[in-house]
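Dear colleague,

I am handing over the structure below, followed by notes on what was found in it. Please read the notes with the coordinates open.

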Amino acid sequence: MATRTATSRDVAAELAFLSRALKAPALLDAADRLAERATAESWTHQEYLAACLQREVAAREAHGGEGRIRAARFPARKTLEEFDFSHLRGLKREAVAHLGTLDFISGRENVVFLGPPRAG
């Protein structure tokens, strides 16, 4: 978006500065492509802004979990798909899979995880 107006305003440089200041790199990456699409599809200013912000939010959600996992410094990353149920015979695979869907969060339900008492 290196367009210059009559006031010689460098919009591309301004967008680069503002996206760095807001720590929103996905916004800068998407702005030109979305501007072309907005022009072609006659979007309103609000629709263009919403599309830009949606890209940034999606990028943050995608990278946010990874950043939190790195920050936690877990010794290894484990997923439910990799979990070995063979050594815990009393654990029901279906119950764990259901909890893995996180439906209890949207349903605002309580879940209590109990395990054997620790020797201590």
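**Salt bridges and helices**

Glu41 and Arg37 are four residues apart in helix H2 and are therefore separated by about one helical turn; helices, like strands, are DSSP runs numbered from the N terminus (H or I over at least four residues for a helix, E over at least two for a strand). Before going further, please note that this is a predicted model, in which local features need pLDDT of at least 70 and side-chain atom pairs count only at pLDDT 80 or more, while totals for chains, interfaces and linings use all residues. Residues are numbered from 1 along each chain as its sequence is written, and side-chain values use heavy atoms, with hydrogens and water left out.

The side chains of Glu41 and Arg37 meet in a salt bridge with an N to O distance of 3.1 Å, where the term stands for a side-chain nitrogen of Lys or Arg within 4 Å of a carboxyl oxygen of Asp or Glu. Glu41 is partly exposed at a relative accessible area of 43%, and Arg37 is likewise partly exposed, at 41%; on this scale buried means under 20% relative accessible area, exposed means over 50%, and partly exposed lies in between, with a 1.4 Å probe and protein chains only.

A search of the whole structure finds two salt bridges, and the other partners are Arg60 and Glu56, whose closest N and O atoms are 2.9 Å apart. Both residues lie in helix H3, four residues apart, or about one turn of the helix. Arg60 counts as partly exposed at 45% relative accessibility, whereas Glu56 counts as buried at 7%. When neighbours within four places in sequence are left aside, Glu56 is in contact with Lys23, Ala24, Pro25, Ala26 and Leu27, contact being taken as heavy atoms within 4.5 Å.

**Helix geometry and packing**

The 17 residues of H2 should span 24 Å at 1.5 Å a residue, and the end C-alpha atoms of H2 are indeed 24 Å apart; the expected span is 1.5 Å times one less than the number of residues. There is nevertheless a kink of about 40° in H2, centred on Ala31, the bend at a residue being the angle between axes fitted to the seven residues ending there and the seven starting there. Ala31 is also among the buried residues of H2, together with Ala26, Ala30, Leu34, Ala35 and Ala38, and what covers these buried residues includes H1 and H3. Just after H2, Ser42 takes a positive phi of about 55°.

Helix H3, residues 45-72, has 28 residues and reaches 40 Å from its first C-alpha to its last, close to the 40 Å expected at 1.5 Å a residue. H3 bends by about 30° at His63. The buried residues in H3 are Ala51, Cys52, Glu56 and Gly64, and they pack against helix H2 (25-41).

In helix H1 (residues 11-21) we find Ser19, which is buried with a relative accessible area of 5%. The side chain of Ser19 reaches the backbone oxygen of Ala16 at 3.1 Å, and this is a polar contact, that is, a pair of N or O atoms within 3.5 Å; within protein, one must be able to donate a hydrogen and the other to accept it, and residues adjacent in sequence count only if both atoms are side-chain atoms. Leaving aside neighbours within four places in sequence, Ser19 is in contact with Ala24, Pro25 and Leu28.

**Positive phi values and the aromatic pair**

Arg73, which follows just after H3, lies in the loop between H3 and helix H4 (93-100), and its phi is near 55°, a positive value in a residue other than glycine. Arg73 is exposed, with a relative accessible area of 73%. Arg108 also has a positive phi near 55° and is a residue other than glycine; Arg108 is placed in the segment after helix H5 (103-106) and counts as exposed at 78% relative accessibility.

The count of aromatic pairs comes to one. Phe83 and Phe85 form this pair, which is edge-to-face, with 4.8 Å centre to centre and 75° between the planes; rings of Phe, Tyr and Trp (its six-membered ring) pair if their centres lie within 6.5 Å, and planes under 30 degrees apart count as stacked, over 60 as edge-to-face and the rest as tilted. Phe83 counts as partly exposed at 35% relative accessibility, whereas Phe85 counts as buried at 11%.

With kind regards
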